[in-house]
Amino acid sequence: MSELMTAPSARPEWQALQAHAVAMRSTHLRDLFAADPARGERLTAEAAGLYLDYSKQRITDETLTLLLALAEATGLREQIAAMFSGAKINNTEQRAVLHVALRAARDAVIEVDGHNVVPEVYAVLDRMAAFVDQVRSGVWRGHTGQPIRNVVNIGIGGSDLGPAMAYEALRQYSARELTLRFVSNVDATDFVEAVHDLEASETLFIVASKTFTTMETMANAHSARQWLISRLGDETAVARHFVALSTNAQAVSEFGIDPANMFGFWDWVGGRYSMTSAIGLSTMLALGSGSYHAMLSGFRAMDEHFRTAPFAQNLPVLMGMLGVWYTSFLGAETQAVLPYDQYLRRFPAYLQQLTMESTGKQVRRDGAAVDYETGAIYWGEPGTNGQHSFYQLIHQGTKLIPCDFIGFCHSLNPLGEHHNLLMANMFAQAEALAFGKSAEAVAASGTAEWLVPHRTFPGNRPSSTILADRLTPAVLGALVALYEHLVFTQSVIWGVNAFDQWGVELGKVLAAQIVPELASSGEPALSHDSSTNALIRRYRAGRG
């Protein structure tokens with residue numbers, strides 16, 4: 001039994017924020033900017049190539065002081081140090097949490113149980129780089145002697161979302177002669193569409209499953225194995241067309257993969273924090289080891305900033321505490337992430353797992369129920385697409401939706417005035433959300449009286465803007481690490497474990513029970529609720 005911790009809501013710093021929130025509900029951003037003309041230059045921070053403008057947030061200097069006091073009171077500084085030291089802060093699974101070790105400097109020392117894990121990390125990275133060089137140079141060839149031209153990553157959750165997002169984000173830096181596909185859904189359509197135009201003799205499958213037992217991943221892996229053998233006519237072909245990202249050497253070998261082509265990782269790497277582990281093999285294949293290590297350098301720069309910077313200038317701490325402010329004190333339920341770069345179109349989807357699987361918890365680390373809101377719902381789309389769909393609700397709806405805008409000074413594909421148009425829209429949307437347009441201003445423009453309410457924008461809709469020079473591998477690394485540490489910050493404040501995910505287990509157990517009931521040749525004895533029983537019978541009848 002863990003020692004009962006002080007509930008965050010019982011702390012005087014929390015209660016001070018509750019009282020302050022009441023006063024802030026009637027404070028408008030128009031007034032805050034009018035009272036402080038330098039606000040836009042003052043409420044900013046910068047690190048690892050990212051510039052953060054949080055001046056359009058519904059906060060004052062007092063708000064910031066109170067938020068950072070709460071961070072100190074809940075032991076954030078000590079918890080950051082504990083994570084970087086290899087302490088087993090994942091208390092429900094008794095594991096260290098060391099995704100930061102995956103991108104540490106080669107000469108760094110980060111210990112788990114007195115053992116420096118960094119040399120092991122680089123041993124895997126070096127093996128990955130050697131394999132990548134073989135594939136990209138054509139030395140590694142398939143069963144029939146053809147070079148590899150297609151790579152299909154088979155995984156789910158953290159074994160899919162991170163690599164898929166990184167490939168899309170950094171496609172400009174990728175080897176265009178390689179075709180990369182990602183299969184995650186157990187729906188057969190995902191696999192069939194991924195391979196429908198590929199030549200088996202030129203295709204490499206990466207099976208990403210730590211245990212090599214993940215139901216969805218292994219179903220897709222066995223279908224891929226059958227697809228390959230049916231086209232090449234030889235089971236021994238598997239060894240030249242499959243590699244594994246796993247720790248289960250026996251299962252990998254039984255599948256037909258040479259354990260020499262198995263790239264491992266450790267129990268202190270959580271799935272949603274694993275994109276810089278061996279799970280990043282598809283990313284390295286696409287980018288080459290040089291650009292991949294540049295991405296790791298961006299992660300490392302943000303890691304060091306998070307570990308060492310004062311909280312008042314610390315990007316993850318500032319953004320994390322702003323999330324706490326809106327979720328726990330101002331009643332916001334969601335957080336929009338709006339990247340104004342088409343390459344980042346999968347970034348909001350990646351953040352959904354990172355954030356909601358981490359802070360979507362109803363009990364604290366000590367098992368006591370929380371009595372405050374945790375875990376905002378993350379969502380978003382690239383600009384300017386979102387402006388023509390859901391921005392209406394953000395501007396004039398009844399819900400408070402804080403937004404993160406992400407943009408770049410330079411486009412990777414400069415074409416006429418496209419980039420200026422794109423960024424003008426980003427800056428304009430943040431301005432319109434903050435300041436709106438009053439009824440008086442609408443009426444003064446000659447609008448008919450009956451139409452004025454429809455064309456009034458209340459403003460006071462908060463946002464942060466993250467600006468970088470251009471989207472490079474290093475900048476992507478810094479951006480991902482920013483949100484990783486933002487989530488950790490929030491988990492410490494709320495007192496929850498950001499590194500377990502028991503909520504996904506129950507559905508898996510029930511699905512394993514239902515699969516044979518759907519496939520049974522006779523009428524199965526069903527013991528579910530009446531709705532589930534009826535649905536199973538309906539499905540079976542529909543299947544004949």
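Thr-334, Ala-336 and Leu-338 point one way from strand S10, while Gln-335, Val-337 and Pro-339 point the other way, and all are buried (buried means under 20% relative accessible area, exposed over 50%, partly exposed in between, with a 1.4 Å probe and protein chains only). That fits a general pattern: in a regular strand the side chains alternate between the two faces of the sheet. S10 covers residues 334-339 and is mostly covered, with six of its six residues buried. Helices (H or I, at least four residues) and strands (E, at least two) are DSSP runs, numbered from the N terminus.

A word on the source: this is a predicted model, in which local features need pLDDT of at least 70 and side-chain atom pairs count only at pLDDT 80 or more, while totals for chains, interfaces and linings use all residues. Residues are numbered from 1 along each chain as its sequence is written, and side-chain values use heavy atoms, with hydrogens and water left out.

**Strands around S10**

Two strands pair if DSSP finds at least two bridges between them. S10 pairs with S11 in the parallel sense over three bridges, and Ala-336 has Trp-379 of S11 as its bridge partner. S10 also pairs with S12, again in the parallel sense, over four bridges; here Val-337 is matched with Asp-404.

What about S12 itself (residues 403-408)? Six of its six residues are buried, so the rest of the structure largely encloses this strand. Cys-403, Phe-405 and Gly-407 point one way from S12, and Asp-404, Ile-406 and Phe-408 the other way. S12 pairs in turn with S13 (residues 463-468), in the parallel sense over six bridges, and Phe-408 has Ala-468 of S13 as its bridge partner.

**The five-stranded sheet**

An open sheet of five strands runs in the order S6-S5-S7-S8-S9, with parallel pairing. Strands S6 (179-183) and S9 (262-263) stand at the edges with a single partner strand each, so one side of each has no neighbour in the sheet. Further in, four bridges join S7 (residues 203-208) to S8 (residues 242-245), and Val-207 stands opposite Ala-244 in S8.

Helix H9 (residues 215-232) lies across S5 (150-154), S6, S7 and S8, running at about 160° to S7. Axes here are lines fitted to C-alpha atoms, for helices over the stretch in contact, and angles run from 0 to 180 degrees between N-to-C directions.

**Helix H6**

Which residues of H6 are buried? They are Val-118, Val-121, Tyr-122, Val-124, Leu-125, Met-128, Ala-129, Phe-131, Val-132 and Val-135. Their cover includes S4 (115-116), S7, S8, S9, H12 (281-287) and H13 (289-308), where contact means heavy atoms within 4.5 Å.

The length of H6 checks out too: at 1.5 Å a residue, its 20 residues (118-137) should span 28 Å, and its end C-alpha atoms are 28 Å apart, which agrees. The expected span is 1.5 Å times one less than the number of residues. Just after H6, Gly-138 takes a positive phi of about 90°.

**H5 and its two helix partners**

H5 (residues 76-85) packs against H20 (residues 473-494) at an angle of about 125°, with their axes 10 Å apart. The pair is therefore oblique (angles under 35 degrees count as roughly parallel, over 145 as roughly antiparallel, 65 to 115 as roughly perpendicular and the rest as oblique). Leu-76, Gln-79, Ile-80 and Met-83 of H5 meet His-485, Phe-488, Thr-489 and Val-492 of H20.

The axes of H5 and H13 come within 9 Å and cross at roughly 140°, which makes H5 oblique to H13. On the H5 side this contact uses Ile-80, Met-83 and Phe-84, and on the H13 side Asp-303, Phe-306 and Arg-307.

**Backbone oddities**

Most residues other than glycine have a negative phi, and most peptide bonds are trans. Here are two residues that have a positive phi although they are not glycines.

| Residue | Phi | Loop | Relative accessibility |
|---|---|---|---|
| Ala-48 | about 50° | between S1 (44-47) and S2 (50-53) | 28%, partly exposed |
| Phe-212 | about 60° | between S7 and H9 | 5%, buried |

A cis peptide bond, with omega about 10°, joins Gly-383 and Thr-384. Thr-384 sits in the loop between S11 (377-379) and H16 (391-396).
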